[in-house]
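I am opening a fresh notebook page for this structure and will write down what I look up, in the order in which I look it up.

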Amino acid sequence: MKHILAIAALVLGAGAAQAAAPVAQIQAMLAKPEQLCGRFDQTKRLAGMKKPLLSNGRFCVVAGKGVLWRTLKPFPNTLRLKRDEIVHLQGERVAMRLDASQEPTVRMINGVLFSLLGGDLGQLDSLFEVDGSVSGDAWKVALKARNAALARAVGAIALEGGAYVRSIQMVEQSGDRTEIVFSDIKIGPGAVLPEEAAQL
């Protein structure tokens, strides 16, 4: 669960930048579709282990509904993030549910995640020290958490993108490293598969 919250926290970092000009530039570059889906490929390198852990799957972001993160390989499982809760599904069974009324962090992380994916970057720099740059139609952002607890959870984060976030790299305090690459992005009504629509 910590790992998924960390992923959520870092996906959100993409929009922030160190000054008003980069923030405005990056915000203008980010697309703001009602529905966005694509593929993710994740590589996690654990400190002390030679072989990385690989996983891949699909993600969907639907305005007003939430985010669906479906790991397909090596083991299928699904996370559904809404404004007020995070639900971990194994098949049709709810394996875990975190409610914002019981876990205030849920609301904060989900709110920031939705802000980034919706192209609203305003609230991010209260959580992170940000170093951002824009070059042509691409941007890069490095994030450092202002809060010690958040720093322990997510470590250092680097993001790259254009109209959408293309990659996220996270280095945890333990030395573990995670990279997520997004591809095959589709937007609009046909982006969400029927089985995904049923889970959102």
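Where is the place of Glu172? I am working with a predicted model, and in it I find Glu172 in the loop that lies between strand E10 (165-171) and strand E11 (177-187).

Next I asked whether Glu172 is buried or exposed. I noted a relative accessibility of 10% for Glu172, and because buried means under 20%, Glu172 counts as buried. I then looked up the side chain of Glu172 and recorded a polar contact of 2.9 Å that joins it to the side chain of Lys44.

I turned to the nonpolar residues. The largest nonpolar core has 29 residues, and I wrote down Phe128, Ile157, Leu159 and Phe182 as those with the most contacts inside it. Strand E8 (residues 138-145) gives this core its largest share, which comes to 4 residues. I also listed a second core, separate from that one, with 7 residues that include Cys37, Cys60, Leu68 and Ala191. As background I keep in mind that nonpolar side chains tend to be buried together in soluble globular proteins.

Last, I took down the totals for the chain. I entered 5 helices and 11 strands as the secondary structure of the protein chain, and I noted that 44% of its 200 residues count as buried. For contacts between residues at least 6 apart in sequence, I recorded that 51% join residues at least 24 apart. The protein chain exposes about 10100 Å², and I noted that carbon and sulfur atoms supply 54% of that area.

Key: Residues numbered from 1 in each chain as written. Predicted model: local features only at pLDDT ≥ 70, side-chain atom pairs only at ≥ 80, totals over all residues. Heavy atoms only, no water. Helix = DSSP H or I, 4+ residues; strand = E, 2+ residues; numbered from the N terminus. Buried < 20%, exposed > 50% of the residue type's maximum accessible area, 1.4 Å probe, protein only. Contact = heavy atoms within 4.5 Å. Areas by Shrake-Rupley, 256 points an atom, 1.4 Å probe, with all protein chains shown as cover. Polar contact = N/O pair within 3.5 Å; in protein donor to acceptor, adjacent residues only side chain to side chain. Core = buried A, V, L, I, M, F, W, Y, C linked by side-chain atoms within 4.5 Å.
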